[in-house]
Amino acid sequence: MLALLILLPIVFGLLIALAPSAQAKLIGVVGTFLQLGVFLIIALYQFDWSLGAMQQLKTTYPWLPQFGIELSMGVDSIAMLLLGLTAFLGPILVISSFSAVSTRPKTYYAWLLVLQGAMAGVFCARDAVLFYVFFEFTLVPLYMLISLYGSSNRKAAATKFFLYTFTGSLITLAGVVFLCWWNATQVAQGAYAGAGGWTFSFQALESLAMLSPDAGGMPAFVQTWVFAALIVGFAVKVPLFPFHTWLPLAHTEAPTAGSVVLAGVLLKLGTYGMYRFCLGMTPLGAIELAPVIAVLAIIGIVYAGLVCWVQRDVKKLVAYSSVSHLGFCVLGLFALNSIGLSGSVLYMINHGLSTGALFLLIGMVYERYHTRSMGELGGLAKRMPVWSSFMVFFAMASVGLPGLNGFVSEFMCLLGAFQSGAWTGTGSIAGTVGDLGPWFAAFAALGLIVTAIYILYMVGKVVWGELREPQGHSASSHDDHALPTDLNAREIGVLIPLAVACLFLGLYPTPVLRSLEAPTRAMAVRVESAREHLAVPPVDLATDEAADAPTGEPITLRTTNEGEGE
Amino acid sequence: MTSGLDMLTPLADLIGSGALAAPPAGEKAAGAVHGDIGAWVMAIPFLPLLGSLLCVLCAIFKVKSKLPAWITVAGLAGAFVAAFVMFQQTTGADGGSQWAVAKAFDWINFQWGSEGQALVANFSFYVDSLTCLWMLFVTGLATLIALYASEYMSHDKGPGYCRFFFAFNLFVFSMACLVMGDNLLLLFLGWEGVGLCSYLLIGYFYKKESAVAAAKKAFIMNRIGDLGLSLGVMLTFVHFGTLEYAQLFHDPEMFPKYLALAQAGDFASIPWQVELIPILLAVGAFGKSAQFPLYVWLPDAMEGPTPVSALIHAATMVTAGVYLVARFLPVFAANQAALGLVILIGAFTALLSATIAMRQYDIKRIMAYSTVSQLGYMFVGVAVLAPSGGAFHVFTHAFFKATLFLCCGAVMHGFAGQLDLRKLSGVMSMKGWLIVSLAMLVGCLNLAGVPFTAGYFSKDMILAESFVNGHAIAGWVLLITAGLTAYYTFRVFFRVFVGPTHAEPGEDLHPHEGESMEEAKANFHAHAPGWAINLVLGILLVGSILVAFLYPMHWADDMIATSTAGGIGAGDHTGTVLGMDPHKVMYYVSAVFGVTGILIAAFLHGPKGLWSLGIGNRSEAETSRADALVPKVGPVAHLAERKWLVDELYHATIAMPLRVIAHISHALDRLLVDGLVNLFGWLPRLFGRTIRPAQNGLLHSYAIRMVGGVGVVVLLVVLVTLL
């Protein structure tokens, strides 16, 4: 079934390429709806949500057995939720493009569907090579969408996007290969399934992460370096400050659906990768570097938020807001506790919905006015009341208004960071082991203010105020596609599901949170038990004679490491 | 196997709402509330929510009638009835603390620890007498003001009307969540929800740039407070492991434990986390209730339609901060510094905004500053551990301040937006304005604290307790402020409502066809209020008087005593005022201050004749005796008129620098952060440029280099093997 999620859109993409261009829209709609249907069947009838921490629907086919590479797939509830987001956005992407794309529709819809398949592949993969292949493959369709259907500076944007993310992921690949090399050469066979041989399966690499350094597992300093390598590619993808500069450019130049899918799902490949690889495979590295990553995330939240505030291009503003928002998401991840992790995963979904919707709304205005400049546009509440209502709604979702989706996840990310760390100490009931603390939450919470500042700045310019329209534009001369002044039924129909999802996740997130309890708790427990393998703390050293063994270990390892370098 | 369908079964809770959870064991039978009030409790938030949804439907179906207003009035009246039943059932005769929790449905319910720890924040409501006190005036006034607004907003029938009543209903829903929520997160939902409605309604006239800016300012200022509140919520959760009142207030290991420690004077045993919670909560309260330094948004919020100013920015929403402090008084009492902070800020804000109000000309703004000032009283009231005084002042203030605002609104409505007290005079003697003027008079008497009015009694409770509990400085500041309040209140009354008849239309004047602006001004006739406005003002007029009778009944004392704020009296303090028992002499002392203020107003602004007891001599609208006084006071009067330049100060020290930082960040982002990336991208190209001459296309050159390359590799291999 999982293979169907990946293959269906890709097959339909090929169909589009073969069919006459008049049929492109129809095939696209059918393809994405079928993907959504398959997802719903899996979610409702096949996936056992009560066992969310377990990999389910596992399928494995040999691929390149000589290297231990397998076509291995499986999902836990986190992957399921992100697959759900992908499948949910699919039809919206296709339908929202009907009027925006008039030239070469075949190429457009074909790539869009291929992208849907590739993204599903990333979330289904249970083999590092398979993951990597899909992860990189998503670049191609989006490169095509941006460079062929973007605005004026699209070529440069597409190239930068491609090269930047590609370079980043090469470093990640190096980290993955190192992990597998370690698994193949440094670990005794039989320590766990797949130990001591070449394999790229997540399961083996996750087991390796939990192996004590005494038994051949990676000691903390090695994990830290591997973590650093792994996170580069994902940090570029997220994007984490200071690796974010490709994003505003790519967003502004991308066609609407490109922006939606970029903000909606593609950025989440980065955070999902961090969860699977950085936390799952190098937990000691995550513990060591959590404060560093968290500081970068917090800088991103505040800094990108301030940068939003001085944008004139409304799309660029929303693009920078993604940098700011995903800072919360990364912060939640590196709280390394159950609440933070769940908040983070929920944030991935919520950000996809609300920011995706904002990009759709901006696209709708762009189709009518051919400008995104807040200097030329303003006071649209008078001209487009329906559009404005949706704009205010999704802006509030983005601000994190309680009752809408953003709040729950944002609060949980902050709360996770707040309760993480030794400060909670004695007498406290709800503290957890972790490496952040209230100061991290307090500084990140400045984002609450900054977000309000820039979102209301945007709403104040675009929605409220005196009506401002670009020169030479009149309501009657609205456009080649005969779009009405305000939204038409198709556009409203695209926005309604998003709005409903925002409300539902805002008022009743409990089912989703329930499904996240098990996997995030498992992850938190994993990280916590990996903590025992940290270099033995000085306190224990003084009291415990046996502590010599682990401290001796890194020295021998360093020599083998250097030998490898030559 | 649990399938995904089963995941959704908790949705059943949504449908079968209204179950009333019994208080957990440990709370004795006194915790039981009479009868099954679950359905009534649910009606209070969800009727307005239904109303707001119906208003959306009205907007979709392009309703052009007054239907949204009638939906709203009906829904809110229903909520008021429900609140009254809730009040009746909750406050029985048997005394003792009574409370109940009624759950609607799960909101956030996340099990996170291996030992069953959970983050639980449901849509469920905590009912005790404090809840009832607040919800009674919130729903009651909301109903009346919705009726008033049906007429006031009638010129906007259509989409604007729907939008107005949508936000109005949503506001009451949010306010109900804020006050009734049984956990801090639902309180936060209401807290931000009322902020959103306030934003939408201040910016109702969205074509006016000033309205848009004011709306934005209100939201952002509130968000600064919300930052403190949200950190306070987190700290509460991390320390106590729960956000639910049922546990926080009634588990003997939680608030009761620290309250007991504080009452025993053992502050050393209270951990810093618990001491920090009230300070963080107070920051939130100062934002929402417009206290220094976060008060500047409230006067600007007067850009909204006047019913909104009356309901949200005077009677209800701005008291949310006072509610927060009153509700969390057990944990505030555990930290003397937090109480001191609240007293300090409250008293300072009361004085500061009263001085500003004295020098404003816009009557609505005067009322706005007076609200800020009165909120200061309420904060002092709860923080000197006289929560019944604070809460009673909230209650009485809600009535008379709503009355005052609605009178200002009627004037504004009738005189084409005119609010300048120099351009209006003698409204009472105009035809059709009698009820408005009488209501205004009653409101002014209450605000000025004239003896035997409700405002007088509630203010007295705060003043007396300040002295009794040893906060004499705060008491004196508030006494002086009471004098100033009486002055500026009657300045408005004497200038606008009595005296020689004069009326200039305001800026909302639209000339008729073929009429110049001058002609329109000359032909201007005030538009006297219709039945809805008169009816509402009449009810409020009577209500504001009757509220005073609650004082001898000790209603507020009883209400507070049975709530979570009960039993937190300051003990056996015996502070004095002028060497006498404040409980006995405060009636006289405060009456002296109030009456003096009124007399000064009468002398400076009163017209000739009986209204000013013969000491006034104003004969025209524009000028008064006070004008001659201004130059003598010098820059102080001018600075007060300019609001002590606080807005300018904030702009210069916070807004501008932040904007500059934002610009610098943006420049850095393009030049430095992206510049480095681009530089990195250039390196391969640079490398390509330098070695490009090598690609000369000559076969023999390639051959030579190939041989050379192979040679180097061989050499390296040999060297490595040898070493």
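Q: How many other C-beta atoms lie within 10 Å of A:Arg104, and what burial class follows?

A: A residue is buried if 20 or more other C-beta atoms lie within 10 Å of its own, exposed if 12 or fewer, and partly exposed in between, with C-beta atoms placed from the backbone. A:Arg104 has 13 such atoms, so A:Arg104 is partly exposed. This is a predicted model, in which local features need pLDDT of at least 70 and side-chain atom pairs count only at pLDDT 80 or more, while totals for chains, interfaces and linings use all residues. Residues are numbered from 1 along each chain as its sequence is written, and chains are lettered from A and ligands numbered from 1 in the order in which they are written.

Q: Where does A:Arg104 lie, and what is the sign of its phi?

A: Most residues other than glycine have a negative phi, and most peptide bonds are trans. A:Arg104 has a positive phi, near 45°, and sits in the loop between α3 (77–96) and α4 (105–124) of chain A. Helices (H or I, at least four residues) and strands (E, at least two) are DSSP runs, numbered from the N terminus. In chain B, B:His554 has a positive phi near 55°; its place is the loop between α23 (531–546) and α24 (555–561). B:His554 has 12 C-beta neighbours inside 10 Å and therefore counts as exposed.

Q: Which residues does a cis peptide bond join in the loop between α9 and α10 of chain A?

A: One cis bond joins A:Val238 to A:Pro239, with omega about -10°. A:Pro239 belongs to the loop between α9 (220–237) and α10 (246–253) of chain A. A cis bond also joins A:Phe241 to A:Pro242, where omega is about 5°, and A:Pro242 lies in the loop between α9 and α10 of chain A.

Q: How many residues does each chain give to the contact between chains A and B?

A: Two residues are in contact if their C-beta atoms, placed from the backbone, lie within 7 Å. Chain A gives 58 residues and chain B gives 55 residues. On the side of chain A that touches chain B, the elements giving two or more residues include α2 (24–46), α7 (154–185) and α18 (438–462). The most comes from α18(A), with nine residues. For composition, Ala, Val, Leu, Ile, Met, Phe, Trp, Tyr, Cys and Pro count as nonpolar, Asp, Glu, Lys and Arg as charged, and the others, Gly among them, as polar. This side of chain A has 38 nonpolar, 15 polar and five charged residues.

Q: Which residues are in contact with B:Ser230, leaving aside its neighbours within four places in sequence?

A: They are A:Ala445, A:Leu448 and B:Phe188. B:Ser230 is part of helix α8 (residues 209–240) of chain B. B:Ser230 is buried because 30 other C-beta atoms lie within 10 Å.

Q: At what angle do helices α6 and α7 of chain B pack?

A: Two packed helices are described by the angle between their axes and the distance between the axes. Axes are lines fitted to C-alpha atoms, for helices over the stretch in contact, and angles run from 0 to 180 degrees between N-to-C directions. Helix α6 (residues 159–180) and helix α7 (residues 184–202) of chain B pack at about 155°, with their axes 7 Å apart. That angle makes α6(B) roughly antiparallel to α7(B) (over 145 degrees; under 35 is roughly parallel, 65 to 115 roughly perpendicular and the rest oblique). In their contact, B:Leu170 and B:Phe171 are among the residues of α6(B), and B:Trp191 and B:Val194 are among those of α7(B). The contact of α6(B) with α7(B) divides into 14 nonpolar, three polar and no charged residues.

Q: Which residues of helix α10 of chain B are buried?

A: An α-helix has 3.6 residues a turn, so residues three or four places apart point the same way. In helix α10 (residues 255–263) of chain B, the buried residues are B:Phe255, B:Tyr258, B:Leu259 and B:Ala262. Seen down the axis of α10(B), these residues fall within an arc of 105°, so they line one face of the helix; the arc is that of the directions from the helix axis to the C-beta atoms. The buried residues of α10(B) pack against α9 (245–248), α11 (272–288) and α15 (329–332) of chain B. Just after α10(B), B:Gly265 has a positive phi of about 80°.

Q: How many helices and strands does chain B have?

A: Chain B has 29 helices and five strands. Of its 723 residues, 55% are buried.
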